[in-house]
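Open the model in your viewer and keep the sequence panel visible. The tour below goes from one selection to the next and says what is there.

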Amino acid sequence: ALCGCGSAKKAAGGAESGRLVVELRSNQTTGFSWQCDVADTGIVELLTDSYVQDDAPKGMTGMGGTQMFEFACKKPGTTTATFTYLRPWEGSKTAEIRTATITVDESLHGTAEF
């Protein structure tokens, strides 16, 4: 899992304030995807959930990719986000659960630690 302010490729605090991006490896070709539940949406709110498949050699199928969650940092504080990797039609059967502690500072820079 990668995370940080504005872009998962920059160090925490080194990007635009007000946004937090969390990236998780995923393989949606298997039917699995991450779902996110934020404990306190007054601190951070999920804006977008997107998926980018890895480049695949010609003719190859079933490639994994990265699922990206962008959050708006709304006010200073700490909350948790629970990410559940599952096939939605299978109900409570999950492959993995990850919990991130999200902290937003006074400048509205957010960081996430798993």
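Which residues does F69 touch, not counting residues up to four places away in sequence? Select F69 and show its surroundings: the list is L20, V21, V22, L24, W34, C36, L46, T48, D49 and F83. This is a predicted model, so every value here is computed from predicted coordinates.

**Whole chain**

Zoom out and colour by pLDDT. The mean over the protein chain is 86, and 86% of its residues reach 70 or more. Now select residues 1-15, where the pLDDT is below 50. Beyond near neighbours in sequence, that stretch has 37 contacts in the model.

Switch to a cartoon coloured by secondary structure. The protein chain has 0 helices and 8 strands, and reading along the sequence gives β-β-β-β-β-β-β-β. Of its 114 residues, 35% count as buried. Take the contacts between residues at least 6 apart in sequence: 59% of them join residues at least 24 apart.

**Strands β2 and β5**

Select residues 19-26, which make up strand β2. This strand is mostly covered, with 6 of its 8 residues buried. Add residues 65-73, strand β5, and look at the pairing: β2 and β5 run antiparallel to each other over 8 bridges. To find one position in this pairing, label S26, which stands opposite G65 in β5. Strands of a sheet pair through backbone hydrogen bonds, either parallel or antiparallel.

Stay on β5 and return to F69, which has its place in this strand. Draw a distance from its C-alpha atom to that of E23: the two are separated by 6.4 Å, although they are 46 residues apart along the chain. Is F69 buried or exposed? With a relative accessibility of 0%, F69 counts as buried.

**The open sheet**

Next select the strands β3, β6, β7 and β8. These 4 strands form an open sheet in the order β3-β6-β7-β8, with antiparallel pairing. At the edges are β3 (33-38) and β8 (110-113), each of which pairs on one side only. From one strand to the next, the twist averages 25 degrees.

Inside this sheet, isolate residues 77-86 (β6) and residues 94-104 (β7). Their antiparallel pairing extends over 10 bridges. Label L86 and T94 to see one of the partnerships: T94 in β7 is the bridge partner of L86.

**Aromatic rings**

Show the side chains of Phe, Tyr and Trp. How many aromatic pairs are there? The count comes to 4. Begin with W34 and Y85, which form a tilted pair, 4.7 Å centre to centre with 35 degrees between the planes. The pair links distant parts of the chain, since W34 is in strand β3 and Y85 is in strand β6, 51 residues apart. Both W34 and Y85 are buried.

Move on to F69 and F83. Their pair is edge-to-face, 5.1 Å centre to centre and with 65 degrees between the planes. Because F69 lies in strand β5 and F83 in strand β6, the pair ties together parts that are 14 residues apart in sequence. F83 is buried, as its relative accessible area is 0%.

Then add F32 to the selection: ring pairs link F32, W34 and Y85 into a cluster.

**Around Y85**

Centre the view on Y85, whose place is in strand β6. Why does Y85 count as buried? Its relative accessible area is 12%, and the cut-off for buried is under 20%.

Which residues is Y85 in contact with, leaving aside its neighbours within four places in sequence? They are S26, N27, F32, S33, W34, T94, A95 and E96. For a distance across the chain, pick the C-alpha atoms of Y85 and Q35: they are 50 residues apart along the chain and separated by 6.5 Å.

**Cysteines**

Finish with C36 and C73. C36 is partly exposed, with a relative accessible area of 22%, whereas C73 is buried at 6%. A disulfide is a covalent bond between the sulfur atoms of two cysteines. With a cut-off of 2.5 Å between cysteine sulfur atoms, the count of disulfides comes to 0.

Terms used:
Residues are numbered from 1 along each chain as its sequence is written. This is a predicted model: local features need pLDDT of at least 70, side-chain atom pairs count only at pLDDT 80 or more; totals for chains, interfaces and linings use all residues. Side-chain values use heavy atoms; hydrogens and water are left out. Buried means under 20% relative accessible area, exposed over 50%, partly exposed in between (1.4 Å probe, protein chains only). Helices (H or I, at least four residues) and strands (E, at least two) are DSSP runs, numbered from the N terminus. Two strands pair if DSSP finds at least two bridges between them. Axes are lines fitted to C-alpha atoms, for helices over the stretch in contact, and angles run from 0 to 180 degrees between N-to-C directions. Rings of Phe, Tyr and Trp (its six-membered ring) pair if their centres lie within 6.5 Å; planes under 30 degrees apart count as stacked, over 60 as edge-to-face and the rest as tilted. pLDDT is the predictor's confidence in each residue, from 0 to 100. Contact means heavy atoms within 4.5 Å.
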